[in-house]
Amino acid sequence: MSLLADFKKFAFKGNVVDLAVGVVIGGAFGKIVSALVADVVMPFVALILPGGDWRSAGIVMRHAADPKDNVILKYGDLLGAVLDFLIVAFVLFILVSKIVKAAEGRFSNPAAPEEPTTKECPFCFESIPKKATRCKACTSQLAS
C-alpha cells in the first residue's frame with residue numbers, strides 16, 4: 001500500500017474522526033466556560049478579594065552577576081492563575097456533574113425493571129420458576 005492510502009485509511013477511521021470532533025467541541029466548550037468564568041464568576045470574586053492590582057504583586061530581587069538587572073518573582077500572577085484554574089474546574093464540575101447528568105436523566109428513557117421470573121427454593125436454594133408449587137430439585141411443597 002502506498003503512504004497516501006495508509007494515511008487515508010488511518011485518518012478516516014471512525015475513532016479518529018470522532019476524536020477530532022470531540023477536540024473541536026471541547027475547544028468550543030472551553031471558550032464558553034472561560035467566558036462564563038471571566039464574565040459572570042470573576043466579578044463576584046473581585047468583590048471578595050482585596051482591591052487593587054493584586055495579580056501584579058511580586059518580589060524584586062537583584063541579580064548577583066549584574067546588579068542593574070532585576071529578577072521579579074511574580075507570585076501574584078501565579079496565585080491568579082491558580083485561582084483561575086480552581087474556579088474553572090469548579091464551574092466545569094457543576095456544569096458537567098450536576099446539570100448535564102440531570103439533563104441526561106430527564107431525557108433518557110430508563111427501562112422499567114423486569115419482574116423476576118424465578119424464585120429460590122427455601123429448602124435447597126435451587127432456582128425454580130416463580131409459578132412453581134413444588135421444587136424440581138428437592139420436591140418440597142412450596143407455599144404459593
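Is Leu 95 buried, partly exposed or exposed? Select Leu 95 and keep it in mind: at 21% relative accessibility, this residue counts as partly exposed, where buried means under 20% relative accessible area, exposed over 50%, and partly exposed in between (1.4 Å probe, protein chains only). The tour returns to Leu 95 further on.

Before moving on, a word on what is on screen. This is a predicted model, in which local features need pLDDT of at least 70 and side-chain atom pairs count only at pLDDT 80 or more, while totals for chains, interfaces and linings use all residues. Residues are numbered from 1 along each chain as its sequence is written, and side-chain values use heavy atoms, with hydrogens and water left out.

**The whole chain**

Zoom out and colour by secondary structure. You will find three helices and four strands; these are DSSP runs (helices H or I, at least four residues; strands E, at least two), numbered from the N terminus. In sequence order the pattern reads α-α-β-β-α-β-β.

Now turn the C-alpha trace around: along its principal axes it spans about 100 × 60 × 35 Å. The radius of gyration is 32 Å, whereas a compact globule of 144 residues would have one near 15 Å. That radius is taken over C-alpha atoms, and the globule rule is 2.2 Å times the number of residues to the power 0.38.

Switch on a surface. The protein exposes about 11900 Å², with carbon and sulfur atoms supplying 67% of that area; the areas come from the Shrake-Rupley method with a 1.4 Å probe, and for residues only the protein chains shown count as cover. Buried residues make up 11% of the 144 residues. For contacts (heavy atoms within 4.5 Å), take the pairs at least 6 apart in sequence: 26% of them join residues at least 24 apart.

**First stop: the core between two helices**

Select Val 33, Val 37, Met 42, Val 45, Ile 87 and Val 91, the six residues of the largest nonpolar core. Such a core is a set of buried Ala, Val, Leu, Ile, Met, Phe, Trp, Tyr and Cys residues joined through side-chain atoms within 4.5 Å. Helix 2 (14-48) and helix 3 (75-107) each supply at least two of its residues, and helix 2 gives the largest share, four residues. In soluble globular proteins, nonpolar side chains tend to be buried together.

Centre on Val 33. Leaving out residues up to four places away in sequence, Val 33 touches Val 88, Val 91, Leu 92 and Leu 95.

**Second stop: back to Leu 95**

Leu 95 is in helix 3. Which residues does Leu 95 touch, not counting those up to four places away in sequence? Show Phe 29, Val 33, Leu 36 and Val 100. Then draw a C-alpha to C-alpha distance from Leu 95 to Pro 116: the two are 21 residues apart in sequence and 38 Å apart in space.

**Third stop: Arg 55 and Ala 81**

Select Arg 55, in the loop between helix 2 and strand 1 (59-62). Its relative accessible area is 28%, so Arg 55 is partly exposed. With residues up to four places away in sequence set aside, Arg 55 touches Met 42, Gly 76, Asp 77, Gly 80, Ala 81 and Asp 84. Among these, Met 42 also belongs to the largest core.

Add Ala 81, which is in helix 3 and counts as partly exposed at 42% relative accessibility. The C-alpha atoms of Ala 81 and Arg 55 are separated by 8.9 Å, with their positions 26 residues apart along the chain counted as sequence separation. From Arg 55 to Val 91, 36 residues apart in sequence, the C-alpha to C-alpha distance is 21 Å.

**Last stop: around strand 4**

Go to Phe 125, in the loop between strand 3 (118-120) and strand 4. At 57% relative accessibility, Phe 125 counts as exposed. Its phi is near 60°, a positive value in a residue other than glycine. Most residues other than glycine have a negative phi.

Thr 139, in the segment after strand 4, also has phi near 60°. Next select Ser 140, in the segment after strand 4 (127-129). Ser 140 counts as buried at 17% relative accessibility. Neighbours within four places in sequence aside, Ser 140 is in contact with Phe 123, Thr 133, Arg 134 and Cys 135.
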